[in-house]
Amino acid sequence: MVNKDQALQDLVESISMRYFRRKFKHKAFYNPRLKTTGGRYHLRSGDIDINPLVEEMHGREELVGVIKHELCHYHLHQQGMPYQHRDQEFKLLLRQVGGSRYVKDMRTNKEYRLLYQCVECQTEYFRQRKLNTKRYACGKCRGKLVLVQDVLS
Ligand SMILES: [Zn+2]
Ligand SMILES: [Zn+2]
């Protein structure tokens, strides 16, 4: 596991230098608890975690695509630039480096733009369109749903 994480760290660092011409100065690691998302960039810590199933299910190319996607969030955010999916800067950079465009639901292999999460039980919901969170509640516990923003996919 430690060796796998080191290999991932090396891969993220080399993709960062090669495609972004900038250093990745934080930690990258596999997170087996990620159930549905391929990867995440954490705004507070600066770290990136990757779902180990990305490569297992979709191959090396998809892994590289997911890493590029997370690095787009990373480098824009680290430089104080707009870094969210809807931002022009993000879209442009993603196109330049050829990253994966959307969050992929790892269970169904469908692509979704939006990720909602229940504030009570933390269940994640992928959607292609915006949800009216006043009308829709969590299917499991009826808790309130919020658009995930502080931990980006
Ligand atoms: Zn819930
Ligand atoms: Zn993203």
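Which residue in S7 is the bridge partner of Leu114? The partner is Arg127. The model is predicted. Its largest nonpolar core has 26 residues, and a second, separate core has 7. An open sheet is formed by 3 strands, and the structure also holds 2 aromatic pairs.

**Nonpolar cores**

- Within the 26-residue core, the residues with the most contacts are Ile50, Ile67 and Leu71.
- Two or more residues of this core come from each of helix H1 (2–20), strand S1 (28–30), strand S3 (48–50), helix H3 (60–78) and helix H4 (88–97).
- H3 gives the largest share, with 8 residues.
- Leu71 is in contact with Val12, Ile15, Ser16, Phe20, Phe24 and Ile48, its neighbours within four places in sequence being left aside.
- The second core, separate from the largest one, has 7 residues, including Leu114, Tyr116, Cys118 and Cys138.

**Helix H3**

- The 19 residues of H3 reach 26 Å from the first C-alpha to the last. This is close to the 27 Å expected at 1.5 Å a residue.
- Of these 19 residues, 15 are buried, so H3 is largely enclosed by the rest of the structure.
- Gly80, just after H3, takes a positive phi of about 75°.

**Aromatic pairs**

- Ring pairs link Phe24, Tyr41 and Tyr74 into a cluster.
- The structure holds 2 aromatic pairs. In one of them, Tyr41 with Tyr74, the ring centres are 5.7 Å apart and the planes stand at 85°, so the pair is edge-to-face.
- Tyr41 belongs to strand S2 (residues 39–42) and Tyr74 to helix H3, so this pair ties together parts that are 33 residues apart in sequence.
- Tyr41 counts as buried because its relative accessibility is 0%. Tyr74 also counts as buried, at 2% relative accessibility.

**The three-stranded sheet**

- The order of the strands in the open sheet is S7-S6-S8, and the pairing is antiparallel.
- S7 and strand S8 (145–147) stand at the edges with a single partner strand each, so one side of each has no neighbour in the sheet.
- On average, neighbouring strands of this sheet are turned by 30° against each other, direction ignored.
- Strand S6 (residues 114–118) and strand S7 (residues 124–127) pair in the antiparallel sense over 4 bridges.
- Among the bridge partners in S7 are Arg127 for Leu114 and Glu124 for Gln117.
- Leu114 is also one of the residues of the second core.
- The hairpin of S6 and S7 has 5 residues between the strands, and Gln122 in this hairpin takes a positive phi near 65°.

**Non-glycine residues with positive phi in loops**

- Which loop holds Arg21? Arg21 is found between H1 and S1.
- Phi of Arg21 is positive, about 55°, although this residue is not a glycine.
- Arg21 has 67% relative accessibility and therefore counts as exposed.
- Arg142 lies in the loop between S7 and S8. Its phi is near 65°, again a positive value in a residue other than glycine.
- Is Arg142 buried or exposed? Arg142 is exposed, with a relative accessible area of 60%.

Methods
Residues are numbered from 1 along each chain as its sequence is written. Chains are lettered from A and ligands numbered from 1 in the order in which they are written. This is a predicted model: local features need pLDDT of at least 70, side-chain atom pairs count only at pLDDT 80 or more; totals for chains, interfaces and linings use all residues. Side-chain values use heavy atoms; hydrogens and water are left out. Two strands pair if DSSP finds at least two bridges between them. A nonpolar core is a set of buried Ala, Val, Leu, Ile, Met, Phe, Trp, Tyr and Cys residues joined through side-chain atoms within 4.5 Å. Buried means under 20% relative accessible area, exposed over 50%, partly exposed in between (1.4 Å probe, protein chains only). Contact means heavy atoms within 4.5 Å. The expected span of a helix is 1.5 Å times one less than its number of residues. Axes are lines fitted to C-alpha atoms, for helices over the stretch in contact, and angles run from 0 to 180 degrees between N-to-C directions. Rings of Phe, Tyr and Trp (its six-membered ring) pair if their centres lie within 6.5 Å; planes under 30 degrees apart count as stacked, over 60 as edge-to-face and the rest as tilted.
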